[in-house]
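Here is a short report on how the chains of this assembly touch and how some of their parts are built. Keep the structure open while reading.

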Amino acid sequence: MSLVSIQNVRKSFGEVEVLKGVSVEIARGAVVAIIGKSGSGKSTLLRCINGLETYDAGGISVDGIDVAAARADLRDLRRNVGMVFQQFNLFPHLTAAENVMLAPRVVNRESEIRAKELAREMLAKVGLADKAGNYPSQLSGGQQQRVAIARALAMRPNVLLCDEITSALDPELVNEVLRVIEALAKDGMTLILVTHEMRFARDVGTKLVFMHQGKVHEEGPPKQLFAGPTTPELVQFIGASLH
Amino acid sequence: MSDFSFWVILSNLLLATRWTIALSLVAFASGGLVGLALLFARVSRIGWLEWTTKAYVEFFQGTPLLMQLFLFFFGVALFGIEVSPWLAAWLALTFWTSAFLTEIWRGCVEAIPKGQWEAADTLAMSYMQQMWHVILPQAFRIAIPPTVGFSVQVVKGTALASIIGFVDLTKAGTMLNNATFRPFLVYSLVALIYFALCFPLSWFAHRLERTFNVAR
Amino acid sequence: MTYKLHFADLLPYWDLLLKGLVFTILLTIVSTVAGTALGTLGASARTFGPRWLDRLTGAYVEVIRNTPFIVQLFFIFFGLPAAGIKLNETTAAVLAMTVNLGAYSTEIIRAGIQAVPKGHIEAGASLAMSRLQVLRHVVLKQAFEKIYPALSSQIVIVMLGSAVVSQISAEDLTYAANFIQSRNFRAFEVYLVVAGLYLLLAIVTRAALRGIGRLVFRGPGR
């Protein structure tokens, strides 16, 4: 059974329909790369999964929880669904460790000591054990994004949503973040990534979803799709991105 | 009877409002003139002059307006000059207003990018020429919204003149309350009239601010 | 100038001045805490509340900001008893100052809340935090750090404005000054000294607020 099930989801912003009936099934432990041009609806789709956006029709369920039915209180859903943003969105008034500790403390009511341990563990996981006491403004973009990953992981989510998490980074900082994600994939974490990193999608992904004009235009095993895309749009997209 | 006293109260309050308006206008105008002179001193780059102006601003911003009113009311009398509440209130509000306006305007002058000074410098302009031809015209634009905004503080500030016996809107309210024993009605009306004076100014200042922000 | 200043005539009254000073300080502390709390509620209501609550809070803010403090004070002290709410001088003074600071701080804090990036709120939400938790731990802390200087200035303004509470016989520093000058007839000297005390109090208040700010917002300079 799928961990995340997206069925025929539709969504409009005013007059513009950005999702025109999208269906994707995501198995536990899958690493799904969603690619497509800007405006193809991929970020909106991702944000529908944890209820940051509402959708107009269709259904999304995560681990058996129906997202639309959970609208009144999305907290149970969000405990299971972590998210990492393009702009990091670290809380600037908290240190790296405090950023990681905040949700475990206030949402899960963990003790200070337990939360501290958790922060240490999670920061170590992303290779930033030595930066626990630093504020976001004292960290590089790549380090900030790794803290953001640690923050999401501290809630022990079943699935992690990554919304163009390397797009705001200088090129030389991209790899340190991708390596962390790759390690998570190896650990068996379910990952859904909206990304422009084609090589990463091909090498680490277990499933590729190509979105075009608000629909899933093509999907399948990444290596297969990259080697032999069947639609001219994907041919063109891959061609444009690899150069 | 009740209706009669309502109209008596209202008409008397409105008559006294003339004095609130008069004092506000006079104090704002003279305070603005003094403030402009002080602005030149404040950004003159002459050490002692800047320092003295700064102390002046600090004193008038750091003490209650009520104390300043008392000081002028009782202080000028020490020189053997008969002080009317009107004169004392005008003097105190002028000094008080000038201190705040100087500080507001200094902020506007300092908001002008350094490059503007440097550009004027390279054109061999004197300090005064730079100030007058390059900096002030630009600072003037951004100074308008907060200056209009401060006029609200001046109108409200005039209410304290009632304490030294100036018969303005607030004083009229106190007198009418003593005569009619209808404090709720009287002070509601007083507040309403102040609101009618101040709110348009606040609104206008807010709108100017928005327009200028969009323009930039 | 033929007049000679006689500051020595104040000396017998030093204890009255001290009492008044302490009263003014206490008045400021209490109304600062209460006023900031009220402002936090107001700002939250305006930003996150339903439309009618936003409107209502907005009206409160505008009424307070566009009427003199002395009129607010008189309305509360003289006007409210006529409506059945009777308050003593001190309570009326605290209430007036709280309501006054509450309005100004509502707008100050609201500006701070609006300056918090939307992404931070989304990040909090996707960590399964409730709206209230996001408000408290993510939004308000950042907002307060941003607007702390503006709030501090407003607190000093309210402290200086409190001189007016002497007019309803609340026994503050100005009340002490009025009393002393009625006894020794050295009005100018008394008011000069008391003005100096207020100036000192303003400087100390600013320094204290800066110190508290450094303790509370211990992050790096941003």
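In chain A, 64% of the contacts between residues at least 6 apart in sequence join residues at least 24 apart. This comes from a predicted model. The secondary structure of chain A amounts to nine helices and 10 strands. Its C-alpha trace spans about 55 × 45 × 35 Å along the principal axes. The radius of gyration of chain A is 18 Å, which agrees with the value near 18 Å for a compact globule of 243 residues. Of those 243 residues, 51% count as buried.

**A sheet in chain A**

Four strands of chain A form an open sheet, in the order β2-β1-β4-β5, with antiparallel pairing. β2 (16-26) and β5 (65-66) of chain A stand at the edges; each has a single partner strand, so one side of each lacks a neighbour in the sheet. Inside the order, β1 (residues 4-13) and β4 (residues 57-62) of chain A pair in the antiparallel sense over five bridges. To find this pairing on screen, start at A:S5, which stands opposite A:S61 in β4(A).

**Which chains touch**

Two pairs of chains touch, and the pair with the most contacts is chains B and C. Chain A and chain B share no contact; their closest C-alpha atoms lie 26 Å apart. Here are the two sides that face chain C, by residue class.

| Side touching chain C | Nonpolar | Polar | Charged |
|---|---|---|---|
| Chain A | 11 residues | six residues | three residues |
| Chain B | 22 residues | seven residues | one residue |

The contact between chains A and C involves 20 residues of chain A and 19 residues of chain C. On the chain A side, the elements that give two or more residues are α2 (75-80) and α3 (96-106).

The contact between chains B and C takes 30 residues from chain B and 32 residues from chain C. Five elements are named on the chain B side: α2 (47-62), α3 (65-75), α6 (127-157), α7 (169-180) and α8 (183-215) of chain B each supply at least two residues. Which element gives the most to this side of chain B? That is α8(B), with 11 residues.

**A buried loop residue in chain B**

B:I164 is found in the loop between α6 and α7 of chain B. Is B:I164 buried or exposed? B:I164 is buried, because 20 other C-beta atoms lie within 10 Å. Beyond its neighbours within four places in sequence, B:I164 is in contact with B:L69, B:F73, B:P85, B:A88 and B:A89. B:L39 lies elsewhere: B:I164 and B:L39 are 125 residues apart in sequence and 30 Å apart in space, C-alpha to C-alpha.

**A two-sided helix in chain C**

Helix α2 (residues 51-65) of chain C has 15 residues. From its first C-alpha to its last, α2(C) reaches 21 Å, close to the 21 Å expected at 1.5 Å a residue. The buried residues of α2(C) are C:T57, C:V61 and C:I64. These cover an arc of only 70° around the axis, which puts them on the same side of α2(C). The spacing fits a general rule. An α-helix has 3.6 residues a turn, so residues three or four places apart point the same way. The cover over the buried residues of α2(C) includes α1 (14-48), α3 (69-82) and α4 (89-114) of chain C. The face turned away from the buried side of α2(C) carries the exposed residues C:R51, C:W52, C:R55 and C:A59.

Note on methods
Residues numbered from 1 in each chain as written. Chains lettered and ligands numbered in written order. Predicted model: local features only at pLDDT ≥ 70, side-chain atom pairs only at ≥ 80, totals over all residues. Contact = placed C-beta atoms within 7 Å. Nonpolar A, V, L, I, M, F, W, Y, C, P; charged D, E, K, R; others polar. Rg over C-alpha atoms; globule rule 2.2 N^0.38 Å. Buried ≥ 20, exposed ≤ 12 C-beta atoms within 10 Å, placed from the backbone. Expected span 1.5 Å × (residues − 1). Arc of directions from axis to C-beta. Pairing = 2+ DSSP bridges.
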